[in-house]
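Subject: Structure for you to look at

Hi,

Here is the structure I promised to send. Please open it first, then read my notes below.

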Protein chains: 2
Amino acid sequence: MRRVSLADVAKAAGVAKATASRALSSRQQDVGAATRARILEVAADLGYQPNRAAQSLRTGRLRLLAVAVPADLRGWEPILAGAAGQARRRGYHLVLHYLDSASEDEQLAEGLSADGLLLIAPGRTLRPPVGEDGVPLPTAVVDDTVEHGDGALLRTALWQAGRTAGRHLADQDRFRLAVLAESSGPVVDGFLAACTDAGLSAPEVHISAPGEVAVERVVTDAPVDGFFATTPALAAHSVAGFRRIGLTVPEDVSVVALGDGDLAQHFDPPLTVVSPPWQALGARAVDLLVDAIEDGAVVPAGLELVAELVVRGSSVPERRRAVARD
Amino acid sequence: MRRVSLADVAKAAGVAKATASRALSSRQQDVGAATRARILEVAADLGYQPNRAAQSLRTGRLRLLAVAVPADLRGWEPILAGAAGQARRRGYHLVLHYLDSASEDEQLAEGLSADGLLLIAPGRTLRPPVGEDGVPLPTAVVDDTVEHGDGALLRTALWQAGRTAGRHLADQDRFRLAVLAESSGPVVDGFLAACTDAGLSAPEVHISAPGEVAVERVVTDAPVDGFFATTPALAAHSVAGFRRIGLTVPEDVSVVALGDGDLAQHFDPPLTVVSPPWQALGARAVDLLVDAIEDGAVVPAGLELVAELVVRGSSVPERRRAVARD
DNA sequence: GATGCTGTCGGAATCGGTTCCGGTCCGGGA
DNA sequence: TCCCGGACCGGAACCGATTCCGACAGCATC
């Protein structure tokens, strides 16, 4: 009633462990077609599953990717989903590390039991993470704000996303813009860049710590006709605020949010969003990491995926959108 | 420049591997105090980190917990956070499995490379999952709706949460109740139970597939004065709907939502929520699993953690709440 | 003084794969 | 006919820990 091992398969097929191993490892060298077929059949019959621990021990590869996430996961789940899908396709698994505790930081630096690391939005600098063996780990970082020591850095297109939002507002002939964010960073920078590109005067920038209501200040300040919020929640609150003071969205003021779309489309009005391609990015990051792990490829430093703009009712009035479609 | 192994430590300390292993494995038998101290010091000096793969191979334990999550993680993150924290405290790691693809189901049944499984809200029956060795895996299921074969089942208190919501509304002297949910299930059942307990007539039950707007139907149907939504988003939409037809919240209608609190408190009005103790539950589940793995304890079948009721502006008018405080 | 027991420690087997090294067998070219 | 090379396969070392078993010392007991 013990589990079936490679030795069992080999014995049942009448070959040596070495041959069985070669046959199973799916490169078609060094083993005859007939033998291989027989081994594969026997293995299937016996329900053979290789022992990951043994494989890892011998090969020095755990086939595990650590993914470090902030304590508040909200908004980042699509990255996880994308990464998980790609990881399983390439024979890897994702192990979760929350960055809330100082001890986690420590562990990241001390030695992770994983072959690579996907680091999501730490918002702070970390010592370059190392593997169990002490060598630096292939790392992909999803955050524009981090300065990361040795270049194995994967930047997201947050800046580009901010610029896209700004451009969209400018395209709507809005020229008194404002932005509401939970912190300064590449998103806001990109937005500002778009404004200068379009020859607009500098927009107001409001920073609102998560949970705080800087919304009130925004809507009662100088009048604006174009508004960008860096989370759907902030956008929703702002819309409510604009309405309270008698402005209609999108006729009087166009609102754009940064965030994923499927939630925001149920708002009233449906929210126009600049949607960073989180899922694709997660998948891509995993690809790069696995390439780095298996082929020693170097993780490129500046990959940028293009954010998608989903135009909905909060930024463009219905009739104008209807016209635009023609 | 190779990594330091147990053998290195042993040699440096002038003892055998066996002794070094005993000294490090922290049970104070079978090794002299002086020897142990020396070994520990040497190990620290050399920066010794045990090789997980080798440990796993020898002990047959991966110190990995699989956590299966639905494709849409939203709302479940706190479970992950709680589970991750407790896991690291007990020396385990969480590996992520998304349940979106059929192949994942397959893998769950075929053999997971983990010592235990935390199954979150599958909403469907699965074959009892097995480990790499084909033996059934200790499993904790977070979902009241699942029929799970062999009893290793951890129920959440979703039913209890629904009942708490109903009671709260009844306590507010509301008697024309309605509930809006994305699917029927224990939450709704618990709510109904509370209604009959309170001697109220059966409330209207609206089912609204995720993304659909059954909200409209709810608010324009028969007048209600107490309302329960099974997600914060549904609640928010409903509030907007009530206002549209001239009802004020909470004076005319009390609204309660199921979900975590920190998001809902920023709504207008701040949402009263019945908040299932996801985080504590994740931690507890991990504890049970690890106990089952290491001591062979059996995972209890009906653990229920009590949902917390957070009363805010959407269900009780300000003055009444002020009075209640006296 | 021989025996038994307890507290420490070393030797060696073991977990289950992967891979190096070498051996056999066969066909083809000289 | 002899030799060489390639295809195919077996033996055995090895990865790095854990653990069983036995050895040995020291001490108490008879």
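How many nonpolar, polar and charged residues does the surface near DNA strand C have? It has 11 nonpolar, nine polar and seven charged residues. Before going on, please keep in mind that this is a predicted model.

**The DNA surfaces**

Start with strand C. DNA strand C is surrounded by 27 residues. L6(A), A18(A), A18(B), T19(B) and G32(B) are the closest. Both chains contribute helices here. In chain A, α2 (17-24) and α4 (52-59) each supply at least two residues of the surface near DNA strand C. In chain B, α2 (17-24) and α4 (52-59) each do so too.

Now strand D. Around DNA strand D there are 28 residues. The nearest are A18(A), G32(A), S5(B), L6(B) and A18(B). From chain A, α2 and α4 each give at least two residues to the surface near DNA strand D. From chain B, α1 (6-13), α2 and α4 each do. By class, the surface near DNA strand D has 12 nonpolar, nine polar and seven charged residues.

**The two protein chains**

How do the copies relate? A turn of 180° and a shift of 0.0 Å along the axis lay chain B on chain A, with an RMSD of 0.1 Å. The two copies are therefore related as by a two-fold rotation axis. The same surface serves both copies, as 100% of the contact residues of chain B recur in chain A. In chain B, the residue closest to the rotation axis is V95(B), with its C-alpha at 2.1 Å.

The contact itself takes 33 residues from chain B and 33 residues from chain A. On the side of chain B that touches chain A, α4, α5 (77-89), β2 (93-98) and α10 (232-244) each supply at least two residues. That side of chain B has 15 nonpolar, 11 polar and seven charged residues. Note that α4 of chain B turns up in three places: the surface near DNA strand C, the surface near DNA strand D and the side that touches chain A.

**Inside chain A**

Chain A has 13 helices and 10 strands. Of its 326 residues, 46% count as buried. Take the contacts in chain A between residues at least 6 apart in sequence: 66% of them join residues at least 24 apart.

**One helix in detail**

Look at α3 of chain A, residues 33-46. At 1.5 Å a residue, its 14 residues should span 20 Å. The end C-alpha atoms of α3(A) are 20 Å apart, which agrees.

Which residues of α3(A) are buried? They are R36(A), I39(A), V42(A) and A43(A). Seen down the axis of α3(A), these buried residues fall within an arc of 130°, so they line one face of the helix. The general rule helps here. An α-helix has 3.6 residues a turn, so residues three or four places apart point the same way.

What do the buried residues of α3(A) pack against? Their partners are α1 (6-13) and α2 of chain A. On the other side of α3(A), A33(A), A34(A), A37(A), E41(A), A44(A) and D45(A) are exposed. Just after α3(A) comes G47(A), with a positive phi of about 70°.

**Backbone points to check**

There is a cis peptide bond in each chain.

- In chain A, the bond from V249(A) to P250(A) is cis, with omega near 10°. P250(A) lies in the loop between α10 (232-244) and β8 (254-258) of chain A.
- In chain B, the bond from V249(B) to P250(B) is cis, again with omega near 10°. P250(B) sits in the loop between α10 and β8 (254-258) of chain B.

Two residues of chain B other than glycine have a positive phi.

- R63(B) has phi near 55°. R63(B) is in the loop between α4 and β1 (64-69) of chain B. With 19 other C-beta atoms within 10 Å, R63(B) is partly exposed.
- D173(B) has phi near 60°. The loop between α7 (158-171) and β5 (177-181) of chain B holds D173(B). Buried or exposed? D173(B) is exposed, with 9 other C-beta atoms within 10 Å.

Best wishes

Notes:
Residues are numbered from 1 along each chain as its sequence is written. Chains are lettered from A and ligands numbered from 1 in the order in which they are written. This is a predicted model: local features need pLDDT of at least 70, side-chain atom pairs count only at pLDDT 80 or more; totals for chains, interfaces and linings use all residues. A residue is near a molecule or strand if its C-beta atom, placed from the backbone, lies within 6 Å of it. Helices (H or I, at least four residues) and strands (E, at least two) are DSSP runs, numbered from the N terminus. Ala, Val, Leu, Ile, Met, Phe, Trp, Tyr, Cys and Pro count as nonpolar, Asp, Glu, Lys and Arg as charged, and the others, Gly among them, as polar. Copies are superposed by least squares on the C-alpha atoms of residues with pLDDT of at least 70 in both. Two residues are in contact if their C-beta atoms, placed from the backbone, lie within 7 Å. A residue is buried if 20 or more other C-beta atoms lie within 10 Å of its own, exposed if 12 or fewer, and partly exposed in between; C-beta atoms are placed from the backbone. The expected span of a helix is 1.5 Å times one less than its number of residues. The arc is that of the directions from the helix axis to the C-beta atoms.
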